[in-house]
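Colleague: Before I go to the bench, I should like a close look at one loop residue and at the sheet that surrounds it. Please describe its setting in connected prose.

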Amino acid sequence: MKRIIMMVLRNLLVVPYGWIKLCWYASHVDRYTEEERYKLLKYIDARANKGGNIVIDAHGVENIPKENGFIFYPNHQGLYDVLAILDACPVPFSVVAKKEVGDIPFLKQVFACMKAFIIDREDIKQSMQVIINVTKEVKAGRNYLIFAEGTRSKQGNHPQEFKGGSFKAAMKARCPIVPVALIDSYKSFDTGSISKLTVQVHFLKPMPYEEYKDMKSVEIAEEVRRRIEHAIQENGGWD
């Protein structure tokens with residue numbers, strides 16, 4: 001919370017403008033292209049990071065597929081995760097967000113600008129419809145981000161179990177799976193510190209459909225988790 005307050009205070013002169021414009025875009029998403037909306041989100045994100053004393057250390061950007069229609073699968077550390085990846089990623093993407101965060105001010109507007117899908121994990125029928133919708137959009141060339149853990153890890157840089165069902169959309173869309181390793185993202189909002197913080201974002205080599213087509217969803221989940229854990233270990237994130 002302290003860092004969020006610092007983000008606002010250090011951008012006090014631009015907060016009203018940024019907030020009004022974000023709300024306007026969120027309420028009129030179809031008036032703007034995905035690139036225009038993404039550009040606004042990256043601008044706001046960059047200002048927030050600078051004000052919050054956060055540096056994004058991005059690696060493996062060259063691993064992001066050149067053709068759209070892929071899904072990011074990062075480890076999940078907290079509310080800041082999407083903002084970290086947003087800063088690091090040069091191409092637009094959307095997200096599948098759980099219902100519990102769908103109404104949090106600012107995130108609600110960000111998700112609206114992304115045309116994100118909000119998933120109710122308690123509603124199986126609605127969850128299946130989200131998978132169907134994401135599959136259609138990925139096939140049509142949109143990129144998505146899905147947190148396969150379902151909820152954030154309470155052990156910092158140590159990922160929890162990745163759920164096989166989270167990979168159903170990728171399997172149905174036959175799209176590249178891009179594992180993303182986040183290091184120290186949880187320290188942004190989930191600690192009381194406001195000291196300078198570096199958050200690492202590692203885009204790992206994508207798994208093309210040919211690589212995982214004969215695997216079960218739980219096997220894909222375990223392999224993606226293994227690659228992310230390895231990247232975290234290699235880059236000093238293992239406590």
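**A loop residue and its sheet**

Modeller: S188 is found in the loop that connects β6 (177-183) with β7 (197-203); strands here are DSSP runs of E with at least two residues, helices are runs of H or I with at least four, and both are numbered from the N terminus. The model is predicted, so local features need pLDDT of at least 70 and side-chain atom pairs count only at pLDDT 80 or more, while totals for chains, interfaces and linings use all residues. Residues are numbered from 1 along each chain as its sequence is written, and side-chain values use heavy atoms, with hydrogens and water left out.

S188 has a relative accessibility of 0% and therefore counts as buried (buried: under 20% relative accessible area; exposed: over 50%; partly exposed: in between; 1.4 Å probe, protein chains only). Leaving aside residues up to four places away in sequence, S188 touches R3, I54, Y80, L197 and V199, where a contact means heavy atoms within 4.5 Å.

One of these contacts, R3, leads to helix α1 (residues 2-9), in which R3, M6 and M7 are buried. These three cover an arc of only 105 degrees around the axis, which puts them on the same side of α1; the arc is that of the directions from the helix axis to the C-beta atoms. The buried residues of α1 pack against α3 (34-51), β1 and β7. On the face turned away from this buried side, α1 carries the exposed residues K2 and L9.

The strands on either side of the S188 loop, β6 and β7, pair in the antiparallel sense over four bridges; pairing requires at least two DSSP bridges between two strands. In this pair, I183 stands opposite Q200 of β7. Both strands belong to an open sheet of seven, ordered β1-β7-β6-β2-β5-β3-β4, with mixed pairing. Its edge strands are β1 and β4, each of which pairs on one side only. Neighbouring strands of the sheet are turned by 25 degrees against each other on average, direction ignored.

A second loop, between β1 (54-59) and β2 (71-74), holds N63. N63 is also buried, because its relative accessible area is 18%. N63 touches F203, L204, K205 and P206, again not counting residues up to four places away in sequence.

Elsewhere in the sheet, strand β3 (residues 94-98) has five of its five residues buried, so it is largely enclosed by the rest of the structure. In a regular strand the side chains alternate between the two faces of the sheet. In β3 both faces are covered, with S94, V96 and K98 buried on one side and V95 and A97 on the other. Strand β3 is parallel to β5 (residues 144-146), which it pairs with over three bridges, and V96 has I146 as its bridge partner in β5. Three bridges also join β3 to the parallel strand β4 (residues 117-119), where the partner of K98 is I119. Helix α6 (residues 124-139) lies across β2, β3, β4 and β5 and runs at about 155 degrees to β4; axes are lines fitted to C-alpha atoms, for helices over the stretch in contact, with angles from 0 to 180 degrees between N-to-C directions.

For the wider setting, the protein chain has nine helices and seven strands. Of its 239 residues, 51% count as buried.
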